[in-house]
Amino acid sequence: EPASAHMLRSGIYAHQGEWERVLTSADEALKHDPEMADAYLFRGIAKAWLNDFTAASVALSQAIELNGADPEYWVNRAQLFAKMGRFSDTVAHMRTAFRLAPESEETVGALANLLNRENLQTELLIETAKHVSIAGDSATMSLWRAGAWQRLRNYEMAIAEMSEAIRIEPTNAEYLAYRGMYYAIAGKLDLALEDCARGEQSRPNDANLAMVRGMANLYGCRFADALTAFRKCIAIEDENPIGHYGIAFALSGAHDEKLRDGNQ
């Protein structure tokens with residue numbers, strides 16, 4: 001089937017980021033099947049990457065006209081509108097995608113990511129709750145909700161959500177780092193350090209775990225331990241801003257004169 005073969009080639013080029021070739025292959029597919037929705041989808045994606053937003057919007061509209069029941073089409077057009085700065089259209093399309101596939105973790109994740117980026121944390125909590133009522137809970141959903149509660153400064157709820165994620169995936173170092181951070185912010189420093197120790201059993205050289213260990217020690221005025229942890233953090237990930245900030249804070253505020261170093 002020539003149309004399918006050209007679409008397969010278009011998909012391969014898309015994975016390689018060769019957008020002009022994506023367009024050529026999609027156009028060849030449309031010569032054989034003028035109503036192939038996926039070909040318009042790939043045209044729209046390629047045009048967006050080539051910064052031809054008008055042509056991208058037209059192509060994605062054609063894809064939706066041919067197959068408006070596929071949430072992926074709505075997500076891609078939403079992402080285009082986000083690049084164009086059309087926020088209300090972005091949200092509307094993401095909501096349509098979610099309505100079409102409320103059970104899809106990928107779809108609700110795309111919507112949650114958008115709402116989080118726009119600091120609409122209450123709406124994020126509402127939409128993920130809809131997904132959970134249909135598909136059941138998951139560690140990923142708990143992670144999203146924990147982040148929302150943290151931004152709403154409700155650290156007890158953030159901790160509760162991360163505890164649920166850890167119950168589902170007890171050895172996940174990323175989840176332990178997040179909960180440890182929320183514990184540290186909430187002043188539960190020993191619990192924060194316990195989570196760091198648990199995470200380090202599987203990932204001893206994790207920058208985020210080192211960062212959280214530094215935070216917990218800094219909040220507890222254990223400046224030497226904080227410096228050790230933050231220095232480990234930036235040794236693993238030099239671009240970690242909290243690691244550098246933590247070192248600066250400890251060097252400027254340490255109670256022990258031997259540790260203080262204003263110039264450093």
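A disulfide is a pair of cysteine sulfur atoms within 2.5 Å. The exercises below apply to a predicted model.

**Exercise 1. Cysteines**

Task: Find how many disulfides the model has, and state whether Cys-196 and Cys-233 are buried or exposed.

Solution:
- Step 1. Start from Cys-196 and look for the closest cysteine sulfur, which is in Cys-233, 11 Å away.
- Step 2. Apply the cut-off of 2.5 Å. The sulfur of Cys-196 is too far from that of Cys-233 for a bond, because 11 Å separates them.
- Step 3. Repeat from the other side: Cys-233 has the sulfur of Cys-196 as its nearest cysteine sulfur, and Cys-233 is in no disulfide.
- Step 4. The count of disulfides is zero.
- Step 5. Buried means under 20% relative accessible area. Cys-196 has 0% and is therefore buried. Cys-233, also listed at 0%, counts as buried.

**Exercise 2. Positive phi in two loops**

Task: Work out where Asn-51 and Asn-119 lie, and whether each is buried or exposed.

Solution:
- Step 1. Most residues other than glycine have a negative phi.
- Step 2. Asn-51 has a positive phi, near 65°. The phi of Asn-119 is positive as well, near 60°.
- Step 3. Asn-51 sits in the loop that runs between helix H3 (37-49) and helix H4 (53-66). Asn-119 is placed in the loop between helix H7 (105-117) and helix H8 (121-135).
- Step 4. Exposed means over 50% relative accessible area. Asn-51 has 59%, so Asn-51 counts as exposed. Asn-119 has 54%, so Asn-119 counts as exposed.

**Exercise 3. Helix H2**

Task: Compare the span of helix H2 (residues 19-32) with the expected span, then name what covers its buried residues.

Solution:
- Step 1. The expected span is 1.5 Å times one less than the number of residues. For the 14 residues of H2 this gives 20 Å.
- Step 2. The end C-alpha atoms of H2 are 20 Å apart, which agrees.
- Step 3. The buried residues of H2 are Trp-19, Val-22, Leu-23, Ser-25, Ala-26, Ala-29 and Leu-30.
- Step 4. An α-helix has 3.6 residues a turn, so residues three or four places apart point the same way.
- Step 5. Helix H1 (2-16) and H3 are among the elements covering these buried residues.

**Exercise 4. Helix H6**

Task: Do the same for helix H6 (residues 87-100).

Solution:
- Step 1. H6 has 14 residues and reaches 20 Å from its first C-alpha to its last, close to the expected 20 Å.
- Step 2. Its buried residues are Thr-90, Val-91, His-93, Met-94, Thr-96, Ala-97 and Phe-98.
- Step 3. These buried residues of H6 pack against helix H5 (71-84), H7 and H8.

Key. Residues are numbered from 1 along each chain as its sequence is written. This is a predicted model: local features need pLDDT of at least 70, side-chain atom pairs count only at pLDDT 80 or more; totals for chains, interfaces and linings use all residues. Side-chain values use heavy atoms; hydrogens and water are left out. Helices (H or I, at least four residues) and strands (E, at least two) are DSSP runs, numbered from the N terminus. Buried means under 20% relative accessible area, exposed over 50%, partly exposed in between (1.4 Å probe, protein chains only). Contact means heavy atoms within 4.5 Å.
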